[in-house]
Amino acid sequence: MTYLSTALALPGLLAHWRLGEAAGATVAEDASPNNRDGAYLNTPTLGATGLLSGDADKAMQTAANTGQCMSVASAAWMNVTTSLSMACRVRMTSATDTSNGDAIVSRYSGSFPWMLWRNTSGKFAVQLNAAANVADPTTVVVGQDYSAGFSYDGANIRLYVDGVQVASTPYTASLVTGSIPLEIGRYSSAASTTPGMVIDEVSVGNAVWAAADFAALHTAATTSAAVDITLALTLPKIRAALQVKKTVLTDVSNRLGGWQFGGYATARVSVPVAADPLGDDEQAFNVEAAKYLPPPTIVNGEIQ
């Protein structure tokens with residue numbers, strides 16, 4: 001499974017932002033079916049090389065102390081009081097801000113409900129309600145790619161780094177609610193809390209993701225991508241429609257950069273190299289899409 005398909009299968013998923021928009025974009029699309037889009041503020045760098053192995057989707061890059069971020073306006077769906085989880089891919093590119101720390105993903109206002117950050121000691125950490133804090137004992141390495149995230153079940157906060165639980169602490173209070181935006185790249189709307197970082201694939205959910213969920217995300221991030229959407233056609237129908245060899249399709253997969261499918265989602269041809277069930281060196285192909293789409297159809301050898 002690809003990272004995207006793994007993320008979209010997470011229980012209780014509220015939103016998933018790929019942050020892969022091209023330079024000049026102002027809207028960060030939610031890749032889940034929930035359409036909870038955000039806005040890019042203060043011109044972060046878009047189109048940065050993404051943090052997934054085998055996936056050409058791009059990422060957002062921020063510069064330290066600029067206020068560059070992706071912000072989602074406060075909404076009722078954000079007011080989760082227990083059973084909260086989030087995950088992302090991140091690479092820190094600046095030194096730790098030892099005064100303010102560095103916001104990665106947060107909802108912050110006074111006694112903010114939650115934040116994943118690099119704390120003033122240079123470690124991944126989670127804070128809930130400006131009270132409970134749990135941190136990774138290991139210092140973040142600048143320039144290294146990480147999978148980072150946490151879960152809260154109303155009794156314990158668990159911090160995960162690279163698919164493994166690295167710290168936990170008991171905590172039983174309900175999370176603060178209110179008119180508080182969700183921001184990727186800063187907290188409290190303060191420019192001084194923006195780190196230099198590349199961030200990719202941010203997921204938030206109102207369920208408790210298990211250790212296996214975080215492990216699956218990290219595995220998907222660090223192994224070559226498969227496909228997300230399989231054409232709803234049998235192999236014989238594809239043979240009749242296309243009459244091409246799998247070696248040709250593989251070459252197309254390697255050369256094709258992408259096209260606009262359905263007017264809003266980027267899709268790429270990819271070919272799973274598997275046993276040939278017909279023994280005639282022909283192979284079905286698939287379409288990988290950056291946003292969920294229904295299976296496409298083929299008419300006269302063309303994707304409709």
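This is a short tour of aromatic pairs and salt bridges in one predicted model.

Before you click, note that residues are numbered from 1 along each chain as its sequence is written, and that side-chain values use heavy atoms, leaving out hydrogens and water. Because the model is predicted, local features need pLDDT of at least 70 and side-chain atom pairs count only at pLDDT 80 or more, while totals for chains, interfaces and linings use all residues.

**Stop one: aromatic rings**

Rings of Phe, Tyr and Trp (its six-membered ring) pair if their centres lie within 6.5 Å; planes under 30 degrees apart are stacked, over 60 edge-to-face, and the rest tilted. The count comes to seven aromatic pairs. Select Tyr108 and Tyr187: this pair is tilted, with 4.8 Å from centre to centre and 50 degrees between the planes. Now add Phe112, which joins Tyr108 and Tyr187 in one aromatic cluster.

How accessible are the two tyrosines? Tyr187 is buried at 12% relative accessible area, whereas Tyr108 is partly exposed at 22% (buried is under 20%, exposed over 50%, partly exposed in between, with a 1.4 Å probe and protein chains only).

**Stop two: salt bridges**

There are seven salt bridges here, each a side-chain nitrogen of Lys or Arg within 4 Å of a carboxyl oxygen of Asp or Glu. Select Glu201 and Arg18, whose side chains meet at 2.8 Å, N to O. Glu201 is buried at 0%, and Arg18 is buried at 5%.

Next, pick Arg186 and Glu183, with their closest N and O atoms 3.0 Å apart; both residues are buried. Finally, show Arg18, Asp55, Asp57 and Glu201 together: salt bridges that share partners join them into one network.
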